[in-house]
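Let's take a tour of a protein, starting with its outside and then working through its helices. Have a look at the picture before reading on.

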Amino acid sequence: MIDLLILYFANLVLDYPLQGTFLAEWKQKNNYILFVHCAIWAFGLSICLLPLGLFAWWKVIMLLVGHYVIDYWKCRRLYKRWPLTDKTLTSIEYDGSAKKITEEKQPLISDINSLYIDQSLHVVQILLCLI
């Protein structure tokens, strides 16, 4: 259990404070910068695996590729392209004697929900490292 907490804390530190504003902004626009961010995260977690006796090269590759796919999905906002909708918002506008009804579909996954999904998938990666 302590191994999970150590790796989760390392995940949070490597994914947010250590990436800096440059990586945070540019990983959304540039695939190379996104890869650099993922490499820093994956190798940082791999260094944490060493003293825990959990290091293996397949885990490094799984962390790197998995983090890239997950962050690509989040950074490119691919979740907004899904045809899933949560609800339909209906608004009625009165313009004199006429009324206009508009319907707008809301995406099932919002920006904040994508962050939760992103971190949940990273936890799954961490759990796989405990094997």
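Accessible areas here come from the Shrake-Rupley method, which uses a 1.4 Å probe. For this protein, the accessible surface comes to about 8,400 Å², and 67% of that belongs to carbon and sulfur atoms. Keep in mind that what you're looking at is a predicted model.

**The overall layout**

The protein has five helices and two strands. Follow the sequence along and you'll meet them in the pattern α-α-α-α-β-β-α. Out of the 131 residues in the protein, 33% are buried. Now take the contacts between residues at least 6 apart in sequence: 63% of them join residues at least 24 apart.

**Two helices side by side**

Helices α1 and α3 can both be checked against an expected length, using 1.5 Å a residue.

| Helix | Residues | Expected span | Distance between end C-alpha atoms |
|---|---|---|---|
| α1 | 2-15 (14 residues) | 20 Å | 20 Å |
| α3 | 31-52 (22 residues) | 32 Å | 32 Å |

For α1, the distance agrees with the expected span, and the α3 values agree too.

Which residues of α1 are buried? They are Leu7, Ala10, Asn11, Leu14 and Asp15. Because these residues cover an arc of only 115° around the axis, they sit on the same side of α1. Turn to the face pointing away from that buried side, and you'll find the exposed residues Ile2 and Phe9. As for partners, the buried residues of α1 pack against α3, α4 (57-75) and α5.

Helix α3 has its own set of buried residues, including Ile33, Leu34, His37, Cys38, Trp41, Gly44, Leu45 and Leu49. What do the buried residues of α3 pack against? Their partners are α1, α2 (20-26), α4 and α5.

**A nonpolar patch on the surface**

Back to the outside. Trp58, Leu121, Val124, Leu128 and Ile131 form a nonpolar patch on the surface, and together they have about 480 Å² of accessible area. Which helix gives the largest share of the patch? That's helix α5 (residues 111-129), with three residues.

One patch member to look up is valine 124, which lies in helix α5. Is valine 124 buried, partly exposed or exposed? Its relative accessible area is 42%, so valine 124 counts as partly exposed, a label that covers the range between under 20% for buried and over 50% for exposed.

Key:
Residues are numbered from 1 along each chain as its sequence is written. This is a predicted model: local features need pLDDT of at least 70, side-chain atom pairs count only at pLDDT 80 or more; totals for chains, interfaces and linings use all residues. Side-chain values use heavy atoms; hydrogens and water are left out. Patches are made of residues with over 30% relative accessible area and no salt bridge: like charges are joined within 9 Å, nonpolar side chains (Val, Leu, Ile, Met, Phe, Trp, Tyr) within 5 Å. A salt bridge is a side-chain nitrogen of Lys or Arg within 4 Å of a carboxyl oxygen of Asp or Glu. Helices (H or I, at least four residues) and strands (E, at least two) are DSSP runs, numbered from the N terminus. Buried means under 20% relative accessible area, exposed over 50%, partly exposed in between (1.4 Å probe, protein chains only). The expected span of a helix is 1.5 Å times one less than its number of residues. The arc is that of the directions from the helix axis to the C-beta atoms. Contact means heavy atoms within 4.5 Å.
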